[in-house]
Amino acid sequence: MKKESLRKVGFSIAYRQFEPGLSEEEQKQLYEKTREREGYFHQWVTEETQSPQSGRFYDKTMALVEDLETGSIYKVETDLIKFKD
């Protein structure tokens, strides 16, 4: 697929959270996961996930996104992606 046909997105690969008591290195790792990135949306995918509350399995929709900076591909939660013009 040509890059011109892909939509640009902003995304994170993890939710922001407050975690007291982290070392400086752990804080850097957490920031790296939660920072805003730019990338290309490729497609929607589903993955089977187990509910921690009930133990039942369900299909979860995720975005397949390519990191613009590194070329890495990530499965991204739907509420951690924002489509750009």
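Accessible areas here come from the Shrake-Rupley method with a 1.4 Å probe, and on that basis the surface of this predicted model comes to about 6,500 Å², with 47% of it belonging to carbon and sulfur atoms.

Begin with the whole chain in view and colour it by secondary structure, which comprises one helix and five strands, arranged along the sequence as β-α-β-β-β-β. Turning to the C-alpha trace, you will find that it spans about 45 × 35 × 20 Å along its principal axes, and that the chain has a radius of gyration of 15 Å, whereas a compact globule of 85 residues would have one near 12 Å. If you then colour by burial, buried residues make up 28% of the 85 in the chain.

Next, select strand 2 (residues 37–50) together with strand 3 (residues 57–67), which pair in the antiparallel sense over eleven bridges. Within this pair, centre on Q43, which stands opposite L64 in strand 3, and then follow the hairpin round through the six residues between the two strands, where G55 takes a positive phi near 80°.

Keep strand 3 selected and add strand 4 (residues 73–77), its antiparallel partner over five bridges. Here E66 stands opposite I73 in strand 4, and the hairpin has five residues between its strands, with G71 in the turn showing a positive phi of about 80°.

Finally, show the charged side chains, of which 14 are positive and 17 negative, the centres of the two sets lying 4 Å apart. With contacts displayed as well, 55% of those with a separation of 6 or more are between residues 24 or more positions apart.

Definitions and conventions. Residues numbered from 1 in each chain as written. Predicted model: local features only at pLDDT ≥ 70, side-chain atom pairs only at ≥ 80, totals over all residues. Heavy atoms only, no water. Helix = DSSP H or I, 4+ residues; strand = E, 2+ residues; numbered from the N terminus. Rg over C-alpha atoms; globule rule 2.2 N^0.38 Å. Buried < 20%, exposed > 50% of the residue type's maximum accessible area, 1.4 Å probe, protein only. Contact = heavy atoms within 4.5 Å. Lys, Arg positive; Asp, Glu negative; His and termini not counted. Charge placed at Lys NZ, Arg CZ, Asp CG, Glu CD. Pairing = 2+ DSSP bridges.
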